[in-house]
Amino acid sequence: VAAVEPLPERRSLLAAALPFTQALLAQVGRTLARAQAALAWPEGSPPSPPPPPPPCAPLSDADLRTYLGPGGRLLRPHDLRLHVYHGGVEPGLRKVVWRYLLNVFPAGLSGQERLAHLRRKAGEYAALKALLAARAAPAELALVGAAVRKDVVRTDRGHPYFGGPEEGHPHLAALQALLTTFALGHPRLSYCQGMSDVAAPLLAVLDDEAQAFLCFC
């Protein structure tokens with residue numbers, strides 16, 4: 001606009017728009033001033049966030065033991081999560097650590113209590129799976145099962161855990177049962193496409209349908 005002399009009709013449009021533009025800029029300025037006061041920022045730009053901690057090595061078994069106390073109780077869950085966040089977990093330890101990260105265990109359990117908790121939850125899952133399958137209407141069961149099956153058969157068959165013929169595959173059947181049980185137990189949510197992409201790695205690492213269901217929930 002500054003580089004070209006406006007035509008008469010453009011002058012009138014610019015003149016009409018000027019009060020609105022000034023009012024808008026004034027309102028923006030007042031809003032920013034209120035936000036700055038509310039956040040107690042000093043004059044100028046907001047403070048920079050603290051630098052992230054340096055990356056660390058993946059969590060090892062020896063590292064995990066430093067977060068455990070007498071009886072195998074997890075004493076520093078926040079520090080454990082930070083370590084995993086910044087360094088990851090050694091592949092062989094994921095089966096153990098993922099259950100901590102996904103809140104499978106109540107706080108303060110010893111190692112023996114965690115094992116008893118898993119056994120109890122496995123029994124609860126088996127009962128829940130049978131109850132939901134028996135209680136669901138045949139049409140609902142068929143509809144949910146078909147929706148789940150579409151994604152289950154698309155699971156990465158190149159992975160050794162899910163490779164091989166589809167018919168009678170135990171791991172595909174476990175994934176199907178896990179997701180169907182979840183969908184029947186959460187009818188408002190049911191099954192959404194992509195849930196299998198979350199459940200499949202859990203099942204492949206934990207190698208246990210009930211535990212994968214707990215972690216998925």
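Trainee: Which helices do the buried residues of H8 pack against?
Mentor: This is a predicted model, in which local features need pLDDT of at least 70, side-chain atom pairs count only at 80 or more, and totals for chains, interfaces and linings use all residues. Residues are numbered from 1 along each chain as its sequence is written, and side-chain values use heavy atoms, without hydrogens and water. Helices are DSSP runs (H or I, at least four residues) numbered from the N terminus, and contact means heavy atoms within 4.5 Å. On that basis, the buried residues of H8 pack against H4, H6 (138-152), H7 (170-185) and H9 (209-216).

Trainee: Which residues of H8 are buried?
Mentor: Buried means under 20% relative accessible area, with a 1.4 Å probe and protein chains only. Residues three or four places apart on an α-helix point the same way, because there are 3.6 residues a turn. In H8, the buried ones are Met195, Ser196, Ala199, Ala200, Leu202, Leu203 and Leu206.

Trainee: How far does H8 reach from its first C-alpha to its last?
Mentor: H8 covers residues 195-206, 12 in number. The expected span, 1.5 Å times one less than the number of residues, is 16 Å here. Close to that, H8 reaches 17 Å.

Trainee: What phi does aspartate 207 take?
Mentor: Aspartate 207 comes just after H8. Its phi is positive, at about 55 degrees.

Trainee: Where in the chain is confidence lowest?
Mentor: The predictor's confidence in each residue is pLDDT, from 0 to 100. The chain has a mean of 86, with 79% of its residues at 70 or more. Confidence is highest in H9, at 97. With a mean of 65, the lowest is helix H1 (residues 8-39).

Terms used. Helix = DSSP H or I, 4+ residues; strand = E, 2+ residues; numbered from the N terminus. Buried < 20%, exposed > 50% of the residue type's maximum accessible area, 1.4 Å probe, protein only.
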